[in-house]
Amino acid sequence: MKKSLLLSALLAVSAPAFADNLDKYREESRAVIGPFMQALIAENKKAVTEGGPESAIKVCKDIAPKMAGDISRQHGLKLTRVSNKVRNPMLGMPDEWEQKALKKLEKRLAKGEKPETLEIAEVVKEPNGKYLRYMKGIVLQPGCVTCHGSKEEIPAAVQARLAEDYPHDQATGYKPGELRGGVSLKRPL
């Protein structure tokens with residue numbers, strides 16, 4: 001009886017501290033992912049302006065992974081974009097936690113949650129240690145159908161470039177407002 005009371009008291013005292021840490025971790029994650037997403041959007045717009053929609057493929061294929069790698073090394077974490085319908089199976093395959101997070105975000109979006117609030121933060125224990133796991137949802141914007149929409153919406157030049165660069169592409173058939181994937185962050189604690 002005394003042990004269960006002591007355990008209950010310890011949990012009650014530590015719960016607010018854990019919540020404060022999770023809030024802090026969430027803010028830190030936003031501070032990393034927000035600028036990454038803004039830079040990626042800017043690079044995409046620049047590519048489309050300078051060379052048309054097919055030139056934006058190079059941004060997602062080459063520039064985005066390099067940016068994510070640079071940020072990962074700079075901050076001592078793993079930053080990546082993932083989806084359940086991947087364009088590049090070598091880079092975008094979600095792990096188990098990410099698959100569950102994507103499903104949760106998809107359900108929340110379907111219930112009417114605003115795209116800008118779609119995020120999940122969690123501290124998880126894995127065989128190699130304890131990690132902060134964070135995901136920010138990526139909701140398809142109207143301009144994104146040029147590369148991620150239905151076959152009818154994707155111009156022939158873009159389709160040809162996608163077929164060349166991504167022979168196993170599954171990342172099409174989306175409509176604006178649907179969850180395209182997420183930016184995932186994994187940080188050791």
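How many of the residues of β3 are buried? Keep that question in mind as you open the model, which is a predicted one, and begin with a view of the whole chain before selecting any part of it.

**The whole chain**

Colour the protein by its elements, and you should be able to find 5 helices and 4 strands. Followed from the N terminus on, these elements run in the order α-α-β-α-β-β-α-α-β. The protein has 189 residues, of which 37% count as buried. If you look at contacts between residues at least 6 apart in sequence, 66% of them join residues that are at least 24 apart.

**Strand β3 and its partners**

Now select β3, which covers residues 129–139, and return to the opening question: this strand is mostly covered, since 8 of its 11 residues are buried.

Add strand β2, residues 119–126, to the selection, and you will see that β2 and β3 pair in the antiparallel sense over 8 bridges. The connection from β2 to β3 is a hairpin that passes through 2 residues. To follow the pairing residue by residue, pick V124, whose bridge partner in β3 is Y131, and then pick K125, which stands opposite K130 in β3.

Next, add strand β4, which spans residues 179–188. Here β3 and β4 run antiparallel and are joined by 9 bridges, and one place to look is G137, whose bridge partner in β4 is G182. While the strands are on display, it is useful to recall that in a regular strand the side chains alternate between the two faces of the sheet.

**S184 in strand β4**

Stay in β4 and select S184, which has its place in this strand. Is S184 buried or exposed? Its relative accessibility is 1%, and because buried means under 20%, S184 counts as buried. Show the side chains of S184 and E98, and you will find a polar contact of 2.6 Å joining them. Once neighbours within four places in sequence are left aside, the residues in contact with S184 are K78, L79, T80, V82, W97, E98, R133, Y134 and M135.

**The largest pocket**

Turn next to the open spaces in the model. Rolling a probe the size of a water molecule over the atoms shows where empty space is left. The largest pocket has a volume of about 1200 Å³, and 41 residues line it, those closest to its centre being L40, N44, C60, R81 and I138. Select these five residues to bring the middle of the pocket into view. Two or more lining residues come from each of α1 (2–51), α2 (56–75), β1 (78–82), β3 (129–139), α4 (145–148) and β4. The largest share of this lining, 7 residues, is supplied by α2. Sorted by class, the lining is made up of 23 nonpolar, 11 polar and 7 charged residues.

**The loop residue L91**

From R81, move to L91, which is found in the loop between β1 and α3 (96–110). Although L91 and R81 are 10 residues apart in sequence, their C-alpha atoms are 7.9 Å apart in space. Apart from residues up to four places away in sequence, L91 touches P65, T80 and R81. With a relative accessibility of 45%, L91 counts as partly exposed.

**The second largest pocket**

For the last stop, select R30, I33, G34, P35, M37, Q38, I41, E116, E119, Y134 and K136, which line the second largest pocket. About 190 Å³ of space lies in this pocket. Both α1 and β3 supply at least two residues of the lining, with the largest share, 7 residues, coming from α1. The classes here are 5 nonpolar, 2 polar and 4 charged residues.

Within this lining, pick out G34, which lies in helix α1 and, at 26% relative accessibility, counts as partly exposed. How far apart in space are G34 and K136, C-alpha to C-alpha? They are separated by 102 residues in sequence, yet the distance between their C-alpha atoms is 9.1 Å. Y134, which also lines this pocket, is one of the residues in contact with S184, and so selecting Y134 takes you back to strand β4, where S184 has its place.

Methods: Residues are numbered from 1 along each chain as its sequence is written. This is a predicted model: local features need pLDDT of at least 70, side-chain atom pairs count only at pLDDT 80 or more; totals for chains, interfaces and linings use all residues. Side-chain values use heavy atoms; hydrogens and water are left out. Buried means under 20% relative accessible area, exposed over 50%, partly exposed in between (1.4 Å probe, protein chains only). A polar contact is a pair of N or O atoms within 3.5 Å; within protein, one must be able to donate a hydrogen and the other to accept it, and residues adjacent in sequence count only if both atoms are side-chain atoms. Contact means heavy atoms within 4.5 Å. On a 1 Å grid over the protein atoms alone, a cavity is a set of points where a 1.4 Å probe fits but cannot get out, and a pocket is an open set with protein on both sides within 12 Å along at least five of seven lines; lining residues have an atom within 4 Å of a point. Grid points are joined across faces, edges and corners, and a volume is the space filled by probe spheres set on the points. Ala, Val, Leu, Ile, Met, Phe, Trp, Tyr, Cys and Pro count as nonpolar, Asp, Glu, Lys and Arg as charged, and the others, Gly among them, as polar. Two strands pair if DSSP finds at least two bridges between them.
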